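Biologist: Before we discuss any labels, please put the structure up, and then let us go through the terms one at a time and ask what each of them rests on.

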Amino acid sequence: EALALGGPVLALESFSEYVRTRRGVGTEGSGQAMIVAGSIAGLEGRERRFARPSWVAPAADGSFLAVAFGTNEVLRFDVNGLLVARMRGGLRGYDRPFSLAPLPDGGFALVEFGSDRIAICDRSGNVTATFGEGSGVERLSGPQYVARDRDGYLYVTDYGNGRAVKFAPDGRFLFEFGKGGASGGGLAAPTGIALLGDLVYVADR
């Protein structure tokens, strides 16, 4: 009634949407099943805090890591969404980081799209090892997404080569999958990757 009488008011529209969503168990009306509870702006006034976030990885304590592709960094936020660490890869720096997989020691495996490789980083974001820069079948080209299984193996989508690759926990190349043969049937442009039990799911554009 207030909206009908007063016209469009952002606060009322937002509250009305919230009430509609809470009243039902389905997705009636607009079909939207998600409500934004908060957000973190990359641009605050004239200050560019970060640009082009491409990945977020939550931790059990409520904190999370975010990859900022546009500003070449990995950001650590606490449970309240406050920025507590800005990691840029030490002296060498990151080269267009795209996604990451957390490691048990608090570090992470970071996909560097610009350098066509995977960087293993410690808890402070310093690069301790890299792989994927080999030759032949071992060389990555435009890697984007990474997933880690319960045994520590890494699965990476290799966009430029139209495939996915599996690496051992120590970074050794194991095998590729999804490549199309002479008759086709393979991945055309693999992007996302996820693991569930013993299955690997790959999004193919």
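Biologist: Are F64 and F77 buried or exposed?

Modeller: Both F64 and F77 are buried. This is a predicted model, and for F77 the relative accessibility is 2%, so with buried meaning under 20% the label follows.

Biologist: What makes the pair of F64 and F77 stacked?

Modeller: The ring centres of F64 and F77 lie 5.0 Å apart with 15 degrees between the planes; since centres within 6.5 Å make a pair and planes under 30 degrees apart count as stacked, the pair of F64 and F77 is a stacked one. The pair also links distant parts of the chain, with F64 in strand 4 (residues 64-68) and F77 in strand 5, 13 residues apart.

Biologist: How many aromatic pairs are there by this rule, and why is the one between F50 and F77 called edge-to-face?

Modeller: The count comes to 10 aromatic pairs. The centres of the F50 and F77 rings are 6.4 Å apart, which is within the 6.5 Å limit, and their planes stand at 75 degrees, which is over 60, so the pair is edge-to-face. F50 lies in the loop between strand 2 (47-48) and strand 3 (53-58) while F77 belongs to strand 5, so this pair ties together parts that are 27 residues apart in sequence. F50 has a relative accessibility of 9%, and because this is under 20% it counts as buried.

Biologist: Which residues form one aromatic cluster?

Modeller: That cluster is formed by W55, F69, F98, F113 and Y145.

Biologist: Let us turn to charged side chains. How do you know that R88 and E73 form a salt bridge?

Modeller: The closest N and O atoms of R88 and E73 are 3.2 Å apart, and as the limit for a salt bridge is 4 Å, the contact between R88 and E73 qualifies. R88 lies in the loop between strand 6 (83-87) and strand 7, and E73 in strand 5 (residues 73-77), so the salt bridge ties together parts that are 15 residues apart in sequence.

Biologist: Why is E73 called buried and R88 partly exposed?

Modeller: E73 has a relative accessible area of 1%, which is under 20%, so E73 is buried. For R88 the value is 46%, and because this falls between 20% and 50%, R88 is partly exposed.

Biologist: What makes the contact of R49 with E44 a salt bridge, and which label does each side chain carry?

Modeller: The N to O distance between R49 and E44 is 3.7 Å, and a salt bridge requires 4 Å or less, so this contact is accepted. R49, at 16% relative accessibility, counts as buried because the value is under 20%, whereas E44, at 46%, is partly exposed.

Biologist: Why is D170 called exposed, and with which residue does D170 form a salt bridge?

Modeller: D170 has a relative accessible area of 54%, which is over 50%, so D170 is exposed. D170 forms a salt bridge with R172, the closest N and O atoms being 3.0 Å apart. Elsewhere, salt bridges that share partners join R92, E112, R117 and E133 into one network, and a search of the whole structure finds 10 salt bridges.

Biologist: Now the sheets. What makes strand 7 and strand 10 edge strands?

Modeller: In the open, antiparallel sheet ordered 7-8-9-10, strand 7 (97-102) and strand 10 (127-131) each have a single partner strand, so one side of each is left without a neighbour in the sheet. The twist of this sheet averages 25 degrees from one strand to the next.

Biologist: How do you know that strand 8 and strand 9 pair?

Modeller: Strand 8 (residues 108-112) and strand 9 (residues 117-121) run antiparallel and are joined by 5 bridges, and since at least two bridges are needed, strand 8 and strand 9 pair. F108 has C121 in strand 9 as its bridge partner.

Biologist: In which order do strands 11, 12, 13 and 14 form a sheet?

Modeller: These 4 strands form an open sheet in the order 11-12-13-14, with antiparallel pairing. Strand 11 (143-148) and strand 14 (173-177) are the edge strands, as each pairs on one side only.

How values were computed
Residues numbered from 1 in each chain as written. Predicted model: local features only at pLDDT ≥ 70, side-chain atom pairs only at ≥ 80, totals over all residues. Heavy atoms only, no water. Helix = DSSP H or I, 4+ residues; strand = E, 2+ residues; numbered from the N terminus. Axes fitted to C-alpha atoms, helices over the stretch in contact; angles between N-to-C directions. Buried < 20%, exposed > 50% of the residue type's maximum accessible area, 1.4 Å probe, protein only. Phe/Tyr/Trp six-rings, centres within 6.5 Å; stacked < 30°, edge-to-face > 60°.
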